[in-house]
Amino acid sequence: MKVMNTDIGGQIFISYRRLPHREQEAVDLMRAMRDRGIPTWRDVDDLQSKPTEDELTSILNSPDTAGAVMLIASEVADSAMIRNVEAPNIFKRSLKDEKFIVLPVIIGIEYEQANSILNQPAGLQDLSNWNLKRIKGDKATNDQLEDIANILQVQRLERFTNYVGGTELEMKIFTRQIGNSSQATLLHDFTEYFCARKSNPNAYHMIESALKDTAQNILSATGGVKIIASGNAPLPLGVLIGSIFSPLANHQLSWMQSFAGDQIAEWSLSQRTCDVDITTRVVLSDPGSEEIVIAVGVSANIEQAVSTYIEQSNLNPRAVIYAEFASGPVKQGVSIMPEEGLSFVLQVIDKLREVKDNKFMKKANVHLFQACPIAMSVLLGQKLNTFSNCTVYEHTPTGKAPYIKVHTFQPSDF
């Protein structure tokens, strides 16, 4: 079998019968795949009109198409486009291109029915010989669709290991607009969950589940390759990313931080540190509380805003730690060096543990407020792995309160 110039990081074609309930299935599968870093191609999203045979053939044979997932239900028997165009081109591509992923999913039918449906008018493949996904019910559940997305992600990562190799895997994470030139082995598209920095109510739970799957799949499929991450994301998500890709689970994560003037620097726990003067002022409050607030004011002074939030909310912390560089907030356009950022993070975490130990706190639930580069948020997340709970907050400059709570998770779970 030939090894063609297929882009392993390319899109996965979704083949399905265009009926209302199957369209919803395809939409939910598309979301589960994009959450797990897999770009998708679906006719109603990526074409302005009903696709023609020539268009589908061209897409299925493009190097930018890395594979296809086929949702095969009884209704496919009535689709000449799937039986005579999509299926033949998908199977033909798979026979001549071992990089090309094919995952047949049979829904509510038996192997024999699926073979009968796809083998008209000419013999193609015996599906019983394929490593396929079988769904017994008439419709795939969200959990089953996420399982399908995970299978595709593992196959994608295995092809990265087999054909790209090397010691680094590129992963991009977006919550805002994705540039046309953005490509990576894993391209996590979370844009539908956000409007600017504001997330929908279930966003972080969905993202946590997807990134947790990604972290586990990278370890199992690549043996723990170094991950070079980049993209755009709000600061609370940076903390979650860092916590999920924990060094205690043998993840090697770097974040490529962008600054003014097109400067890009790699930030990671493995880089060197330096002497950095920071101030960590501790304000004590409720002696019976197990809550600790950390206010990281690197790029802005957030002390007043955090104090206001605490006064307006039901949060009664044992202590509040205000952390900033001794020289004050970093001015806009001034770059922070990776070694400065890591040194800052390590000192803040040391202070957090010191307060926990000195105040004899058993759990020490962390509440994190931030004004800093996202790379620093990622590093903070990676160093929270010994704490029970972490709650992250998003700044809301136009809201009634200066912050909103967006997610609570357990760093020690990862």
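Begin by selecting Gly223, which in this predicted model adopts a positive phi of about 80 degrees immediately after helix α7. From there, extend the selection backwards to α7 itself, residues 203-222, whose 20 residues reach 28 Å from the first C-alpha to the last, close to the 28 Å expected at 1.5 Å a residue.

Next, select the open sheet, in which 5 strands are arranged in the order β7-β6-β10-β11-β12 with mixed pairing. The edges are held by β7 (186-189) and β12 (263-268), each of which has a single partner strand, so that one side of each is left without a neighbour in the sheet. If you look along the sheet from strand to strand, the twist averages 25 degrees from one to the next.

Stay with the β7 edge and add strand β6, residues 168-174, which runs parallel to β7 and is joined to it by 4 bridges. To see one particular pairing, show Ile173 together with His188, its bridge partner in β7.

Now move to strand β16, residues 365-371, and to β17, with which β16 pairs in the parallel sense over 3 bridges. Displaying Leu368 and its bridge partner in β17, Val392, gives a point of reference for this pairing. If helix α11, residues 374-382, is added to the selection, the path through β16, α11 and β17 can be followed as a right-handed β-α-β unit.

Keep β17 selected and turn to strand β18, residues 403-409, which runs antiparallel to β17 and is joined to it by 6 bridges. Here Thr391 stands opposite Thr408 in β18. How many of the residues of strand β17 are buried? Of the 6 residues in β17 (residues 390-395), 5 are buried, so the strand is largely enclosed by the rest of the structure.

Finish with the cysteines, bearing in mind that a search of the whole structure finds 0 disulfides. Select Cys274 and Cys372: the closest cysteine sulfur to that of Cys274 lies in Cys372, 16 Å away, which is too far for a bond. Cys274 counts as partly exposed, because its relative accessibility is 26%, a value that falls between the 20% limit for buried and the 50% limit for exposed residues. The last stop is Cys195, which at 59% relative accessibility counts as exposed.

Terms used:
Residues numbered from 1 in each chain as written. Predicted model: local features only at pLDDT ≥ 70, side-chain atom pairs only at ≥ 80, totals over all residues. Heavy atoms only, no water. Pairing = 2+ DSSP bridges. Helix = DSSP H or I, 4+ residues; strand = E, 2+ residues; numbered from the N terminus. Axes fitted to C-alpha atoms, helices over the stretch in contact; angles between N-to-C directions. Buried < 20%, exposed > 50% of the residue type's maximum accessible area, 1.4 Å probe, protein only. Right-handed = clockwise from strand over helix to strand, strands pointing away. Expected span 1.5 Å × (residues − 1). Disulfide = S-S within 2.5 Å.
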